[in-house]
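User: I want to know what stands behind each label on this model. Please give me the value, the cut-off and the conclusion.

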Amino acid sequence: MPTKHAILKDLRVYQSEGRPEEVFSIIIPSWNNRPYLQLCIERLLKHSHFPHQIIVHLNEAKDDSLDWLHRYPQIDYTYSPSNIGICYALNVARRLVRTPYVCYFNDDMVALPHWDRYLYEEVQRIGHEAFILSATMIEPFDTGNPCVLVADYGDTLSTFKETALLDAYAQLEKTDWQGSTWPPIVLPLSLWDLVGGMSAEFSPGMYSDPDLSMKLWQAGVRLFKGIGKSRVYHFGSKSTRRGKMNKGKRQFLQKWGMSSGDFTRQILRRGQPFDGPLSSISLSPMQRLKNKTKSIWNALGPSH
């Protein structure tokens, strides 16, 4: 991983003139993943209800993704010749944001029609800046994530059944849910800056999502809402599986003194039906003891 100084020294930046009616600034990190990035951007342009600023960060771009991106002069980008990971990529791309709302989107996601309208309508209803919202992912496999709709329309571009998905996605049942933490997420730029964006110590990115949510929780945010009608199709970890990742589970526990599982399940009430802003709660003495024991054990350096 290059130093921060090297990242800034080697960074290439392009920003378009933009349009005053843009609603979200959508940041998409990508690492040599041009076919998925292409589909991602093309469907964002086709299926979004509102105009948005799209910002791509290209890590390495050893494929033809940089040349391909030049076909779209309306899309902003940052580029690093080395892979700086998700955390630095999002923080670097933030400098180009020109709307009041940051939206973090993965390059292996396909926006479905009006995904953004349902999110923005919720933003307007909220009426304050202490929130984070998630769209609802449709995934081909059941990974035990209660926030996800499971429906198999392909797990690769070659097996993607897009026509069937477009015919059926709106009929899949999902109400609004608690525990927004996974992308696509939308939050105010002011809130992103308040907590410092993504934490670089989680580079290249594993468990940086719940870490961001914990930072928001510590800042007093209690509205972590998933929007059931806002939907994207997610092929699933088409970049992270290819590289060596950080031990984010251990890092989260050592940083916050509780496991990410306890935080997302018990405090954020991940995947439960939405019933209003969350309440501040304390873990039980037994749960605190369990987390303390885990933290000490991990600090001793076990390999698990």
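The questions and answers below go through the labels one at a time.

Analyst: This is a predicted model, where local features need pLDDT of at least 70, side-chain atom pairs count only at pLDDT 80 or more, and totals for chains, interfaces and linings use all residues. Residues are numbered from 1 along each chain as its sequence is written, and side-chain values use heavy atoms, with hydrogens and water left out.

User: What makes up the secondary structure of the chain?

Analyst: Eleven helices and eleven strands. Both are DSSP runs numbered from the N terminus: helices are H or I with at least four residues, strands are E with at least two.

User: Why is Ser230 called buried?

Analyst: Its relative accessibility is 0%. Buried means under 20% relative accessible area, exposed over 50%, and partly exposed in between, with a 1.4 Å probe and protein chains only. Ser230 therefore counts as buried. The residue sits in strand β11, residues 223-234. Over the chain of 304 residues, 55% count as buried.

User: What surrounds Ser230?

Analyst: Beyond residues up to four places away in sequence, Ser230 touches Trp115, Tyr118, Leu119, Ala135 and Thr136. Contact means heavy atoms within 4.5 Å. A polar atom of the Ser230 side chain lies 2.7 Å from the backbone oxygen of Trp115.

User: How do you know which class Gln251 belongs to, buried or partly exposed?

Analyst: Gln251 has a relative accessible area of 22%, so it is partly exposed. This residue lies in helix α9, residues 248-256. The buried residues of α9 are Gly248, Arg250, Phe252 and Leu253. Just after α9, Gly257 takes a positive phi of about 75°.

User: Which residues does Gln251 contact, leaving aside neighbours within four places in sequence?

Analyst: Glu201, Phe202 and Asn246 are in contact with Gln251. Tyr207 is 44 residues from Gln251 in sequence, and their C-alpha atoms are 8.3 Å apart. Across the chain, take the contacts with a separation of 6 or more: 79% of these join residues 24 or more positions apart.

User: Why is helix α10 described as largely enclosed?

Analyst: Six of the eight residues of α10 (residues 260-267) are buried, so the rest of the structure largely encloses this helix. The six are Ser260, Gly261, Asp262, Phe263, Thr264 and Ile267. Arg269, just after α10, takes a positive phi of about 55°.

User: How many aromatic pairs does a search of the whole structure find?

Analyst: The search finds 15. Rings of Phe, Tyr and Trp (its six-membered ring) pair if their centres lie within 6.5 Å; planes under 30 degrees apart count as stacked, over 60 as edge-to-face, and the rest as tilted.

User: What makes Phe160 and Tyr233 a stacked pair?

Analyst: Their ring centres are 5.5 Å apart, with 25° between the planes. Both values meet the rule, so the pair counts as stacked. The pair links distant parts of the chain, 73 residues apart: Phe160 is in the loop between β8 (149-150) and α6 (162-168), and Tyr233 is in strand β11. Phe160 has 14% relative accessibility, so it counts as buried. Tyr233 is buried as well, at 0%.

User: Why is the pair of Trp217 and Phe224 called tilted?

Analyst: The centres lie 6.1 Å apart and the planes make 40°. That angle falls between the stacked and edge-to-face limits, so the pair is tilted. Trp217 and Phe224 are both buried.

User: Which residues do ring pairs link into a cluster?

Analyst: Phe24, Phe50, Tyr101, Phe105, Trp115, Tyr120 and Phe131. Trp115 is also one of the residues that Ser230 touches.

User: What lines the largest cavity?

Analyst: Ala135, Thr136, Met137, Cys147, Val148, Trp177, Trp182 and Pro183 line it. Strand β7 (residues 131-139) gives the most, with three residues. About 40 Å³ of space lies in this cavity. On a 1 Å grid over the protein atoms alone, a cavity is a set of points where a 1.4 Å probe fits but cannot get out; a pocket is an open set with protein on both sides within 12 Å along at least five of seven lines; lining residues have an atom within 4 Å of a point. Grid points are joined across faces, edges and corners, and a volume is the space filled by probe spheres set on the points.

How values were computed: A polar contact is a pair of N or O atoms within 3.5 Å; within protein, one must be able to donate a hydrogen and the other to accept it, and residues adjacent in sequence count only if both atoms are side-chain atoms.
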